[in-house]
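The exercises below are meant to be worked with the sequence and the coordinates side by side. Try each task before reading the solution that follows.

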Amino acid sequence: DAIAVGAGLNLSLSSSKYDDDDKYNGTSIFFSPFVRYYLAQRLFGQFEIGIGSSKDKWTYVNADDEEYKYKSFYWSLGVGYAYFLNDHVSVEPMVSYNKATYTDRDNTDDKDKYGNLMLQIGFNIYLDLK
């Protein structure tokens with residue numbers, strides 16, 4: 001009863017246009033399973049891993065376009081609180097630390113690593129599978 005297992009599918013799209021008409025478009029998709037353990041007083045700890053793919057494309061007015069494709073991996077560890085609206089629905093703020101690695105598909109020696117401290121607010125529906 002104190003353990004929740006789940007998964008997310010995260011899709012991110014971003015786009016920018018600059019004063020000189022250069023453009024940036026980025027896409028990423030992640031599959032991210034997680035395990036959550038509920039402690040006393042509705043507090044919980046959560047561990048999540050994610051694997052995915054990302055692409056960045058730069059379109060330049062006065063230069064050749066550039067495109068980069070990445071394999072992506074991240075892990076996250078967080079703590080939060082579950083405020084239940086009823087027996088099956090909750091709002092859950094969480095603070096977490098995330099570490100991500102992006103590896104260039106064409107040059108596996110080229111890796112970017114990022115660490116983030118995040119504040120998230122989730123909306124969850126719990127299914128009774130008994």
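**Exercise 1.** Describe the order of secondary structure elements along the sequence, and then decide whether the protein is spread out or compact.

*Solution.* In this predicted model, the pattern read along the sequence is β-β-β-β-β-β-β. The radius of gyration is 19 Å, whereas the globule rule gives 14 Å for 130 residues, so the protein is more spread out than a compact globule. As a further step, consider the C-alpha trace, which spans about 60 × 30 × 25 Å along its principal axes.

**Exercise 2.** Determine what share of the residues is buried, and what the exposed surface consists of.

*Solution.* Taking buried to mean under 20% relative accessible area, one finds that 25% of the 130 residues of the protein are buried. The protein exposes about 9300 Å², of which carbon and sulfur atoms supply 55%. Turning to charge, there are 13 positive and 19 negative side chains, and the centres of these two sets lie 6 Å apart.

**Exercise 3.** Identify the residues of the largest nonpolar core, and follow the contacts of Ala-4.

*Solution.* The general background is that nonpolar side chains tend to be buried together in soluble globular proteins. Here the largest nonpolar core has five residues, namely Ala-4, Tyr-38, Phe-44, Ala-82 and Met-94. Leaving aside residues up to four places away in sequence, Ala-4 touches Phe-34, Val-35, Arg-36 and Tyr-38. For the protein as a whole, 50% of the contacts between residues at least 6 apart in sequence join residues at least 24 apart.

Terms used
Residues are numbered from 1 along each chain as its sequence is written. This is a predicted model: local features need pLDDT of at least 70, side-chain atom pairs count only at pLDDT 80 or more; totals for chains, interfaces and linings use all residues. Side-chain values use heavy atoms; hydrogens and water are left out. Helices (H or I, at least four residues) and strands (E, at least two) are DSSP runs, numbered from the N terminus. The radius of gyration is taken over C-alpha atoms; the globule rule is 2.2 Å times the number of residues to the power 0.38. Buried means under 20% relative accessible area, exposed over 50%, partly exposed in between (1.4 Å probe, protein chains only). Contact means heavy atoms within 4.5 Å. Accessible areas come from the Shrake-Rupley method with a 1.4 Å probe; for residues, only the protein chains shown count as cover. Lys and Arg count as positive and Asp and Glu as negative; His and the chain ends are not counted. The place of a charge is taken as NZ of Lys, CZ of Arg, CG of Asp or CD of Glu. A nonpolar core is a set of buried Ala, Val, Leu, Ile, Met, Phe, Trp, Tyr and Cys residues joined through side-chain atoms within 4.5 Å.
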